[in-house]
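The following explanation is meant to be read with the sequence and the model side by side. Please keep both in view while following the paragraphs.

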Amino acid sequence: MIQIVGARKALLSAVLVAVSVTASFAQLGVGRPVGQQVVDGIIAKVDNQIVLRSDLETIYAQEVARAEGKPLSPDIKCRILQSLALNKLLLAKAETDSVVVDDAKVKGELDRRMAYFVQQIGSEKKLEEYYNKPLKQLKEELRVQVKEQLIQQQMQDQIAGKVSVTPREVRQFFNRMPKDSLPYYSTEVEVGQIVKLAKTNSKAKQEAQTKLNDIRARIVAGEDFATLAKQYSQDPGSAVEGGYLGFFKRRELVPEYEAAALRLEPGGLSPIVESQFGFHLIQLIERKGDSYSTRHILLKPETGSADTNEAAQELSKLRRRILADSISFAKAAKDNSDDKISGGNGGMLINRRDESTYLPLDQLDPAIFFTIDTMKVGSITPPLPYRTDDGKDAVRILYLKANRPPHQANFDDDYQKIAAAALNEKKNKALDAWFAQNRGTVYLEVDPEYAGCQLLNSVN
């Protein structure tokens, strides 16, 4: 959630955190229970960008919840509004400077979030019932949010993306910190994982292909592709739009899909195409220069316990090799893990706040916390059931590499955290300079209720 710790820091936090999945529920404006809607209205304008009362109240409610009964700063709403106004300044300047993001990038991020939401709540129907809105409306509301957040991120990258710190600057930053104010870190752990996806058996694949061929025959016989996509496609991002994916450039979609699509004439229908996502039926809609638009119906073969067992047996063999010192955990993860992000990092999970491998124990995923809570450093679990963020059945082994007790920050043990803080400070200075240069170039209008907030007049 957004931390209000000064305008410039709030801005940086707001934009960076906003592009994560977890912040999106609240920022959709659908996080409030049905029947508890905020009376809305415009409370600030920055050029042609607007800040709604509901924007402020949603974040304020989050801050109240995080405070857990502790008093908030008297100017908390001004700080929130200042953060929102600064975000709008980024958007206003992006429009002036013709900064845009590709539709493909917006769609990819949007689909990722929608798939996450559906997985977390259980089904598309449950998602609609919970928010009392059809999926298509939820997606359209989120599309605007996603596009704005990506533009804000791109603007920040242009302003401060190339800023870096040297080891000397990190040391100087640490030496400036008052020794009696050094942060105190709770227990932290280093945890690695090796993930194996459950393999789909041939029977399940055949059933999916047979079903998709039946759907194809119905389309050839005259039934509407979009209607059947809404009914059968298992791609939550596009099914609600009749399978429509929009325009993509070459090499932006998986090779199997692109190759099949580009062999078609507009209106043409592909044979069944297999990719890492499942089986596709593709219809080419239009070519436009180096881009093309399609719609598809996706079916994902079901996995079963036998498929999971095969993956578990594979991991068990790998675990025995690691314990026998015939291969390191890092190499085993890099060569074998189906989670390419952690696998590329030797299997280690990353703390996204400071990019270190040390994770606060009290912030771990409960599934990991209760597993490693009784483990000794250096031990590896047997294969455990696991479901990936995109809903795939899998198994994984977990490795407890280190357990760092609570301690006050010191330069050697906490270098990565200190470096991240030093970098953040330097980026904030770059943002300060940009705001000072640009805040006077936009039109600003504020609701009289918030006239005392001094928006954009100070970025301390």
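Helix H16 spans residues 415-438; helices here are DSSP runs of H or I with at least four residues, strands are runs of E with at least two, and both are numbered from the N terminus. The 24 residues of H16 reach 34 Å from the first C-alpha to the last, close to the 34 Å expected at 1.5 Å a residue, where the expected span is 1.5 Å times one less than the number of residues. Several residues of H16 are buried, among them Ile418, Ala422, Leu431, Trp434 and Phe435. Buried means under 20% relative accessible area, exposed means over 50%, and partly exposed lies in between, with a 1.4 Å probe and protein chains only. An α-helix has 3.6 residues a turn, so residues three or four places apart point the same way. The polar or charged names Lys417, Asn428, Asp432 and Asn438 are also included among the buried residues of H16.

The model is predicted: local features need pLDDT of at least 70 and side-chain atom pairs count only at pLDDT 80 or more, whereas totals for chains, interfaces and linings use all residues. Residues are numbered from 1 along each chain as its sequence is written, and side-chain values use heavy atoms, with hydrogens and water left out.

Trp434 of H16 also appears in the largest nonpolar core, which has 30 residues; Met114, Leu127 and Trp434 have the most contacts inside this core. A nonpolar core is a set of buried Ala, Val, Leu, Ile, Met, Phe, Trp, Tyr and Cys residues joined through side-chain atoms within 4.5 Å. At least two residues of this core come from each of H4, helix H5 (103-121), helix H6 (124-131), helix H7 (135-160) and H16. H7 supplies the largest share, eight residues.

H4 also takes part in a disulfide, as the following pair shows. Cysteine 78 is joined to cysteine 453, with an S to S distance of 2.0 Å; a disulfide is a pair of cysteine sulfur atoms within 2.5 Å. Cysteine 78 lies in helix H4 (residues 76-96) and cysteine 453 in the segment after strand E13 (444-446), so the bond ties together parts that are 375 residues apart in sequence. The torsion about the S-S bond is about -70°, and the disulfide is therefore left-handed. Cysteine 78 is partly exposed at 23% relative accessibility, whereas cysteine 453 is buried at 11%.

Attention now turns to a sheet. Four strands form an open, antiparallel sheet in the order E9-E4-E11-E10; two strands pair if DSSP finds at least two bridges between them. Strand E9 (359-360) and strand E10 (384-387) stand at the edges with a single partner strand each, so one side of each has no neighbour in the sheet. Helix H13 (residues 329-336) packs on the sheet, touching strand E4 (188-197) and E11, and its direction makes about 35° with that of E4. Contact means heavy atoms within 4.5 Å; axes are lines fitted to C-alpha atoms, for helices over the stretch in contact, and angles run from 0 to 180 degrees between N-to-C directions.

Within the sheet, E4 and E11 pair over ten bridges, with isoleucine 194 opposite isoleucine 397. Two bridges join E4 to E9, where glutamate 188 stands opposite proline 360. Four bridges join E10 to strand E11 (residues 393-404), and proline 385 stands opposite valine 395. Nine of the ten residues of E4 are buried.
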